[in-house]
Structures are given as C-alpha cells and as structure tokens.
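Welcome, and please open your viewer for a short walk through this structure. Each stop tells you what to select and what is there.

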Amino acid sequence: QKYPQLFVYSTQILQRVFGDSFKILLQGGVNGRSGFLLDEIKNYAKKFVFTKDFATALEKLSQKHVVVITGEAGIGKTMLSSMLSFEYVKEGFSFCAINDIKEAELILSSSEASDKIIFYYNDFLGESFARFMDGSEGSQIMLFINRVKKLKNVRLILNSRTTILNKAIHNFHSFTNGRITSNEHLLTIENLSRVDKALMLYKHM
C-alpha cells in the first residue's frame with residue numbers, strides 16, 4: 001500500500017481501487033485513443049484497395065460478429081483490420097480501439113443494448129502473451145468472443161501474427177476448446193491477385 005504503483009497495473013485492479021470513477025477515466029482514455037486512430041484510418045482509406053481478403057473478412061464479421069486476422073509481420077493485418085473497422089464506422093458503429101479485453105468488457109457493461117460498437121484489438125497476443133501463461137487471459141478472451149457472437153449490435157476484430165496465435169492455440173486449452181480457429185481468417189500475400197497488386201502500386205504512387 002505504501003507503493004501503489006507496484007501493484008496497480010491492470011484494468012481489473014484499477015477498477016477495484018477506483019470503482020465507477022475508473023470507468024469514466026477508462027472510457028475517456030479509450031475515446032481519445034480511438035479518435036486518434038480513426039483519424040489515421042481515414043487517411044489510410046484514401047489508398048486502400050478492396051481485395052478478396054477484405055470481402056471474406058467482412059462476410060465473417062457480418063455473420064459471426066467476430067473475426068481473427070492472422071499473418072506474418074508486415075503482411076497487412078493492421079491495414080485490413082483498420083479498414084474493416086472503418087466500414088462499420090460508416091454504418092454508425094462507435095469505434096473502440098482497446099489494449100486489454102477488460103477495457104472492452106467494462107465499456108460493454110456500461111452500454112445500452114441498442115448501442116452499436118466495433119471493438120478493435122490490434123496484435124491481441126503480441127504484447128500480452130506473458131499473461132496467457134497462467135491461462136486466465138485466454139479464457140477471458142474466449143468468454144468475450146462468445147458474448148459478442150450473441151450480440152446483434154457489437155462486432156470484434158482481433159489480429160495476431162500466425163506464429164504467436166498457433167503457439168497460443170497449442171498451449172492454452174481455452175483457445176482449443178473455444179475453437180478460435182473457426183473464426184480465423186488467415187491473411188496471406190498469395191491471396192492478392194495481380195490486379196490487386198497493380199491497384200495497390202498505383203494508389204501508392
């Protein structure tokens with residue numbers, strides 16, 4: 001208690017310490033982060049090429065409400081995820097860029113059933129893989145995924161490098177039992193046609 005900075009490190013603990021005040025601070029932080037990222041996404045949109053990958057991912061998101069985009073580093077996961085988010089923003093959804101699944105849970109618990117929300121969790125395993133070692137983080141994500149799948153007005157986009165996602169699936173029963181790969185859309189550069197590549201080159205000239 002003498003050194004609170006040593007143990008106040010997660011959204012769960014912060015919520016317990018600060019209660020409703022933390023929810024207000026959290027939503028303010030998410031709103032600021034999301035607003036900044038959305039401005040960046042609007043700039044991306046000018047040069048984005050609508051590929052087969054985009055159409056397939058959009059269909060999965062529409063039908064299952066959740067999509068997990070995988071691929072190797074630098075292959076375009078963030079761009080695809082961003083443009084999927086933007087597509088829903090144009091349909092009136094509120095954009096929430098989260099850094100922790102607890103952020104999404106708190107925001108969702110404070111929302112109305114009629115609220116349209118698109119959650120975007122970039123590199124959801126990359127920076128938090130250590131938290132998966134005890135198994136709790138994976139269970140929380142699977143619970144949230146299952147929750148979103150049942151909600152009419154909520155969507156969830158996650159992305160991760162293929163190698164890290166495969167490691168999580170191999171090591172954590174919650175991912176295997178939750179069949180996270182049934183929601184997976186693997187993005188590979190081979191999916192781009194010659195026409196897509198030519199259009200991408202043209203838009204970036």
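**First stop: Met 79 and its surroundings**

Select Met 79, which lies in helix H4, residues 77–89. Helices here are DSSP runs of H or I with at least four residues, strands are runs of E with at least two, and both are numbered from the N terminus. At 29% relative accessibility, Met 79 counts as partly exposed; buried means under 20% relative accessible area, exposed over 50%, and partly exposed in between, with a 1.4 Å probe and protein chains only. Now add Tyr 44 and Phe 48: Met 79 touches both, leaving aside residues up to four places away in sequence. Contact means heavy atoms within 4.5 Å. The C-alpha atoms of Met 79 and Phe 48 are separated by 8.2 Å, although the two are 31 residues apart along the chain.

**How far to trust the picture**

This is a predicted model, in which local features need pLDDT of at least 70 and side-chain atom pairs count only at pLDDT 80 or more, while totals for chains, interfaces and linings use all residues. Residues are numbered from 1 along each chain as its sequence is written, and side-chain values use heavy atoms, with hydrogens and water left out.

Colour the chain by pLDDT, the predictor's confidence in each residue from 0 to 100. The mean for the protein is 76, with 65% of residues at 70 or more. Among the elements, strand E3 (residues 117–121) has the highest mean, 95, and helix H1 (residues 11–18) the lowest, 44. Select residues 1–19 next: pLDDT stays under 50 there. Where pLDDT is low, the predicted coordinates should not be read in detail.

**The whole chain**

Switch to a cartoon view to find 9 helices and 5 strands. From the N terminus on, the elements run α-α-α-β-α-β-α-β-α-β-α-α-β-α. Of the 205 residues, 42% count as buried.

**Two nonpolar cores**

Which residues have the most contacts inside the largest nonpolar core? Select Phe 119, Phe 124, Phe 144, Ile 145, Leu 156 and Leu 158, in a core of 27 residues. A nonpolar core is a set of buried Ala, Val, Leu, Ile, Met, Phe, Trp, Tyr and Cys residues joined through side-chain atoms within 4.5 Å. The elements that give two or more residues to this core are strand E1 (66–71), helix H5 (101–109), E3, helix H6 (136–149), strand E4 (154–161) and helix H7 (162–171). H6 gives the most, with 5 residues. Apart from this core lies another, of 20 residues, including Phe 54, Phe 86, Val 89 and Tyr 120.

**Aromatic rings**

Show the rings next: the structure holds 7 aromatic pairs. Rings of Phe, Tyr and Trp (its six-membered ring) pair if their centres lie within 6.5 Å; planes under 30 degrees apart count as stacked, over 60 as edge-to-face and the rest as tilted. Pick Tyr 88 and Phe 93, an edge-to-face pair at 4.9 Å centre to centre with 85° between the planes. Tyr 88 is buried at 9% relative accessibility, and Phe 93 is buried at 10%. Then select Phe 48, Phe 50 and Phe 54, which ring pairs link into a cluster.

**Last stop: Glu 103**

Finish in helix H5, where Glu 103 is found. Is Glu 103 buried or exposed? Its relative accessible area is 6%, so Glu 103 is buried. Add Asn 99 to see its backbone nitrogen 2.8 Å from a polar atom of the Glu 103 side chain.

Technical notes: Polar contact = N/O pair within 3.5 Å; in protein donor to acceptor, adjacent residues only side chain to side chain.
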